[in-house]
Amino acid sequence: MSTTLSKPARKPTRTAPRRSAVIWLSYGILVAVAVVVLLADVLAPHAPNQQDLTSVLLGPSAEHPLGTDDLGRDVLSRLLHGTRVSILAALLAVGIALVVGFPLGILAGYVGGWPDAVLMRLLDTVMAFPALVLAIGITAMLGPDITTAMVAVGVVLTPVVVRLTRAQTMAVAGQTYIEAASSFGARGVRRMILPHVVPNVVQPIVAQVAVLIGFALIAEASLSFLQLGVQPPTASWGTILARSYTFLERAPMSIFVPGAAIALTVFALNIVGEEVQRLLDPRRR
Amino acid sequence: MTALMRLDDVSVRFPVGRRRSVSAVDGVSLDVVAGQTLGLIGESGSGKSTLARAMLGLVPTATGSVSWMGEDVAAMSRQRRRAFTGEVQMVFQDPHSALDPRRRVRQSVREPLDVLGRGARDERDDLARRALADVGLPAHLHDRYPHQLSGGQKQRVNIARALVTRPRLLVCDESVAALDVALQAEILNLLGDLKDEYDLTVVFISHDLGVVGHISDRVAVMYLGKLVETAMADVLLDTPRHPYTEALLSARPDVNETGAGERIILRGDVPSPLAPPTGCRFHPRCLHATPACATDLPVLVPVEDGGASACLRVAELYGPGPVDTSVMGGAR
């Protein structure tokens, strides 16, 4: 305390607490993933599906930094292209869950009454199924294809978004500032929902989105691993895993690399989600 | 004495469970006289806040009508209704939760103008700033968020937001209850000044007799959703004409007259509004109750000095009423 006392001239200003290395690392991982998604074609040293049967299951070398798989395809190139497929698939699923779930959650939470009751019972039915099993069921019915698979995952994720949005909306709808707004005639989507309800509801949803993207990434990997998602020869994190699983003993590299990519991305998403929630808190401004 | 707003037999019911409802406000008739400050007192759960919300049309009325300058609010056209909304504004109890935490206070004050389409778009910011200046909020605080202001400053913002549409009637729902005593006095004085400046009529709801007595011209006392007495403020504080008002007044701490006037201790609690007592709602706790009080429903009858009391024994207990019963206008 003596140091503060010795410098009385310094005005006490509120500064944001130092972000820890973990948060910066997480931002770094997500930026790297985004760059790969955008520039996979430029970054990849080889075409992802180009086979070279004279050099199969090689270890790391200058030409193939992460080795080759059982058909002689460059693992690094497949990983980079697979990143794009996996991330876009996860975004599709979460996008569907948000576009469907967020307005429904606001509706259920703000309007209440019978629309709320009907919607919630329907969603309880969806939630009663184990998420991945339902996704597998839907994909098996409609035929294996990554778009169908991720739409199915999106359907599975929708109740999570609806429930969270609804709970948050109900809390916000009971606030006095909502009543105050209606006391001077604010109602409807343009004057009430968009300016007052949505901004106060959105904070925990944003944090949840990061967690959901993580879940969707793992779901993509699981479904592709089961041959229900991305179809060969297209590379994705899941298909690389599935393929290299067979040759685990001879070429372990190609199973660890996509595994690590999934783990690191999900980890970074969780940390960043928490950080974004903190940043969105109005009390920080 | 013209009635700016007239409540006629207004009841507000809230559904509880299936086919049951609770009457938060039951058959209240009241005039809000232009230029006067009407104090509305009663203990928690007596229906004061619900009555205030009924005045603004924030809760639907089950029976009766609210009329604004002679026009039934429920029958108003959309356009008239918008004008009415701008002319009747409310200041809420909790200054903090009444402001959207994600908006700067200037945006919050500007919002009624946007919603009601008042003034030119580019002038609204100026109007908002002027309203904030009128309530004494320094200019450097206009772009703050609510959590960066103190309770008193936030309540000033709430008052500015209520005044920005230039209303004629301001309803203050326990507007100083959440503030400490020094701030209460500050905000009450501010309201007094603004009342003159903006030519306001004020309905002031409180459970604090001192506060109501200080700023009101006329006082209405509520018990369990019913109006039990109305009178001019000084008359009511001096000579209450309803046993409940009497009990309320005797509970007021008085630093000047220690021991003077015995304190009336009411028996029991406020009955549940789900099953209000028959007859006079106050009879189970009343010191002067007779068997008739349990069966007969008292109505507001005019008493001396332009007040009215809903007690069956008002003449017996407090002397005869005025001979001329046509002074009902003042009695309402």
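**Figure 1. Where chain B meets chain A in this predicted model.** Let's start at the meeting point of the two chains: 20 residues of chain B are in contact with 17 residues of chain A. On the chain B side, the elements that supply two or more residues are α2 (78–87), β6 (88–91) and α3 (105–116). Of these, α3(B) gives the most, with three residues. Sorted by class, this side of chain B holds 11 nonpolar, five polar and four charged residues.

**Figure 2. Chain A as a whole, a chain of helices.** If you look for strands in chain A you will find zero, next to 10 helices. Reading along the sequence gives the pattern α-α-α-α-α-α-α-α-α-α. The C-alpha trace of chain A spans about 75 × 65 × 30 Å along its principal axes. Its radius of gyration is 24 Å, whereas a compact globule of 285 residues would come out near 19 Å.

**Figure 3. Helices α8 and α9 of chain A packed against each other.** Here α8 (residues 188–225) and α9 (residues 237–245) of chain A meet at an angle of about 40°, and their axes are 7 Å apart. The two helices are therefore oblique to each other, and their crossing is right-handed. From α8(A), the contact uses A:E220, A:A221, A:S222, A:L223, A:S224 and A:F225, while α9(A) contributes A:W237, A:G238, A:T239, A:L241 and A:A242. By class, the residues of this contact are six nonpolar, four polar and one charged.

**Figure 4. A cis peptide bond in the loop between α8 and α9 of chain A.** Staying with the same pair of helices, look now at the loop between them, where A:P233 lies. The peptide bond joining A:P232 and A:P233 is cis, with omega at about 5°.

**Figure 5. Chain B as a whole, with helices and strands.** Moving to the partner chain, you will find 11 helices and 12 strands in chain B. Its C-alpha atoms fill a box of roughly 65 × 50 × 45 Å along the principal axes. With 332 residues, a compact globule would have a radius of gyration near 20 Å, and the 21 Å of chain B agrees with that.

**Figure 6. The hairpin of β1 and β2 in chain B.** Strand β1 (residues 3–15) and strand β2 (residues 21–33) of chain B pair in the antiparallel sense over nine bridges. To find your place in the ladder, start from B:M5, whose bridge partner in β2(B) is B:V32. Five residues lie between the two strands, and B:G17 in the turn has a positive phi of about 65°.

**Figure 7. A positive phi at B:M69.** This view shows the loop between β4 (63–68) and β5 (71–72) of chain B, which is where B:M69 is found. The phi of B:M69 is near 50°, a positive value in a residue other than glycine.

**Figure 8. The open sheet of eight strands in chain B.** Trace the sheet across and you will meet its strands in the order β6-β7-β8-β3-β9-β10-β12-β11, with mixed pairing. At the edges are β6 and β11 (301–302) of chain B, each pairing on one side only. Edge strand β6(B) is also among the elements on the side of chain B that touches chain A. Within the sheet, β7 (residues 169–173) and β8 (residues 201–206) of chain B pair in the parallel sense over five bridges. A handy landmark in this pair is B:V171, which stands opposite B:V203 in β8(B).

**Figure 9. Helix α5 of chain B, with the sheet and with helix α6.** Helix α5 (residues 151–163) of chain B lies across β6 and β7, running at about 175° to β6(B). Its other partner in this view is helix α6 (residues 181–197) of chain B: the two axes come within 10 Å and cross at roughly 20°. That makes α5(B) roughly parallel to α6(B), and the crossing is right-handed. In the contact, B:G151, B:G152, B:Q155 and B:L163 of α5(B) meet B:L183, B:E186, B:I187 and B:L194 of α6(B). By class, this contact has four nonpolar, three polar and one charged residues.

Note on methods. Residues numbered from 1 in each chain as written. Chains lettered and ligands numbered in written order. Predicted model: local features only at pLDDT ≥ 70, side-chain atom pairs only at ≥ 80, totals over all residues. Contact = placed C-beta atoms within 7 Å. Helix = DSSP H or I, 4+ residues; strand = E, 2+ residues; numbered from the N terminus. Nonpolar A, V, L, I, M, F, W, Y, C, P; charged D, E, K, R; others polar. Axes fitted to C-alpha atoms, helices over the stretch in contact; angles between N-to-C directions. Parallel < 35°, antiparallel > 145°, perpendicular 65-115°, else oblique. Left-handed = near helix turned anticlockwise from the far one by under 90°. Pairing = 2+ DSSP bridges. Rg over C-alpha atoms; globule rule 2.2 N^0.38 Å.
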